[in-house]
Amino acid sequence: MAPTPRRPHALHPSLRTILCVSAHPDDNEFTIAGSVAAWARDGRDVVFCLVTSGGAGTNEHTPRSDGLVPLRERECWEAARILGVKDVVFLRYQDGVVEPTLGLRRDLTRVIRRHKPDVVVCGDPTVRWYGNEYLNHPDHRAVGSAALDAVFPSAETGSIFPELLAEDLEPHKVREVLLSGANSPDTWIDISDTLELKCAALKAHVSQVGSGPWVDTLLREWAARAGKRAAIPYAEAYRRMVLARGD
Ligand SMILES: [Zn+2]
């Protein structure tokens, strides 16, 4: 017997602020941008935090990539504008060599306490590869790991990183976490109405993807594959953690 399809998930109305933490300027557009556009349309505040500015994003610019960083930050701002994102924070770590250090955990804790998100979205740090053709980038794993460690326990515990209290950044409890790229997703967000915006946002990263129709083809294929599990045309898949029950 075929398994019963899952229903698409809608964030609880009380979850107003969403922080999306990623390694590279185009990561959100490849993975979660359909959900982001839907949340922004709902009137929720979405903030992007990019740990690197993507200075290693092409071999054309190595070994010097000074010109690439401002270009990629501009492309990221344009994608954010298309999606309705309220703010973009760049931590400007070096692209390609990110590690889940205490320093990164502290920086992400600072961002969480400053923006007070109800939901944090990040990549699943436990995934080493997808299928037989794609090794997950170590920056993705490092950022996902540091983001989860920032969500719990350091964002909500004042005695961890006391220097943040000196910056008037009080402890903050994140209520939900959505992990993208998880091998065992359990939550599907309907992006049927925002897939076009997702494609347009990814195409804002001209230095990385050009503007070819392959972008639409690829994202449509991924969204249809994810949607099959929830019996909806187009979806993005997550593993959802509920850390504090809402109203
Ligand atoms: Zn990436």
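In this predicted model, the buried residues of helix α9 pack against five elements: α2 (33-41), β8 (187-190), α7 (195-203), α8 (206-209) and β9 (235-242). The buried positions of α9 are Val215, Leu219, Ala223, Ala226 and Gly227. They cover an arc of only 100 degrees around the axis, which puts them on the same side of α9. The face turned away from this buried side carries Trp214, Thr217, Glu221 and Arg225, which are exposed.

The length of α9 can be checked against its residue count. Helix α9 has 15 residues, 214-228, and at 1.5 Å a residue these should span 21 Å. The C-alpha atoms at its ends are 21 Å apart, so the expected span and the computed one agree.

**Packing of α2 and α7**

Two of the elements that α9 packs against, α2 and α7, also pack on each other, at an angle of about 115 degrees. Their axes are 8 Å apart. Ala33, Gly34 and Ala37 make the contact from the α2 side. From the α7 side, the contact is made by Leu195, Leu197, Lys198, Ala201 and Leu202. The crossing of α2 past α7 is right-handed.

**The sheet**

The model has an open sheet of 7 strands, in the order β3-β2-β1-β4-β7-β9-β8, with mixed pairing. Its edge strands are β3 (87-93) and β8, each of which pairs on one side only. From one strand to the next, the twist averages 25 degrees.

Three of the strand pairs are set out below.

| Strand pair | Bridges | Direction | One bridge pair |
|---|---|---|---|
| β1 (17-22) and β4 (119-123) | 3 | parallel | Leu19 and Val120 |
| β4 and β7 | 5 | parallel | Val121 and Leu178 |
| β7 and β9 | 5 | antiparallel | Leu179 and Arg239 |

Strand β7 thus appears in two of these pairs, running parallel to β4 and antiparallel to β9. How many of the residues of β7 are buried? The count is 5 of the 5, so β7 is largely enclosed by the rest of the structure. Both of its faces are covered. Glu176, Leu178 and Ser180 are buried on one side, and Val177 and Leu179 are buried on the other. Two of these residues also take part in the bridges listed above: Leu178 is the partner of Val121, and Leu179 has Arg239 of β9 as its partner.

**Helices across the sheet**

Helix α4 (residues 102-115) lies across β1, β2 (45-52), β3 and β4. The angle at which α4 runs to β1 is about 160 degrees. Helix α5 lies across β1, β2, β4 and β7, and runs at about 155 degrees to β4. Strands β1, β2 and β4 are therefore crossed by α4 as well as by α5.

**Loops and backbone features**

The loop between α5 (138-151) and α6 (162-166) contains Pro153. A cis peptide bond joins Phe152 to Pro153, with omega at about 10 degrees. Phe161 is placed in the loop between α5 and α6 as well. Its phi is near 55 degrees, which is a positive value in a residue other than glycine.

Asp168, in the loop between α6 and β7 (176-180), also has a positive phi, near 65 degrees, and is likewise a residue other than glycine.

Is each of these two residues buried or exposed? A residue counts as buried with 20 or more other C-beta atoms within 10 Å of its own, and as exposed with 12 or fewer. Phe161 has 22 C-beta neighbours inside 10 Å, so Phe161 counts as buried. Asp168 has 8 C-beta neighbours inside 10 Å, and therefore counts as exposed.

His137 lies in the loop between β6 (134-135) and α5. His137 counts as partly exposed because it has 16 C-beta neighbours inside 10 Å, a number between the two cut-offs. The C-alpha atom of His137 is separated by 20 Å from that of Glu236, and the two residues are 99 residues apart along the chain.

Key:
Residues are numbered from 1 along each chain as its sequence is written. This is a predicted model: local features need pLDDT of at least 70, side-chain atom pairs count only at pLDDT 80 or more; totals for chains, interfaces and linings use all residues. Helices (H or I, at least four residues) and strands (E, at least two) are DSSP runs, numbered from the N terminus. The expected span of a helix is 1.5 Å times one less than its number of residues. The arc is that of the directions from the helix axis to the C-beta atoms. Two residues are in contact if their C-beta atoms, placed from the backbone, lie within 7 Å. Two strands pair if DSSP finds at least two bridges between them. Axes are lines fitted to C-alpha atoms, for helices over the stretch in contact, and angles run from 0 to 180 degrees between N-to-C directions. A crossing is left-handed if the near helix is turned anticlockwise from the far one by less than a right angle, and right-handed if clockwise.
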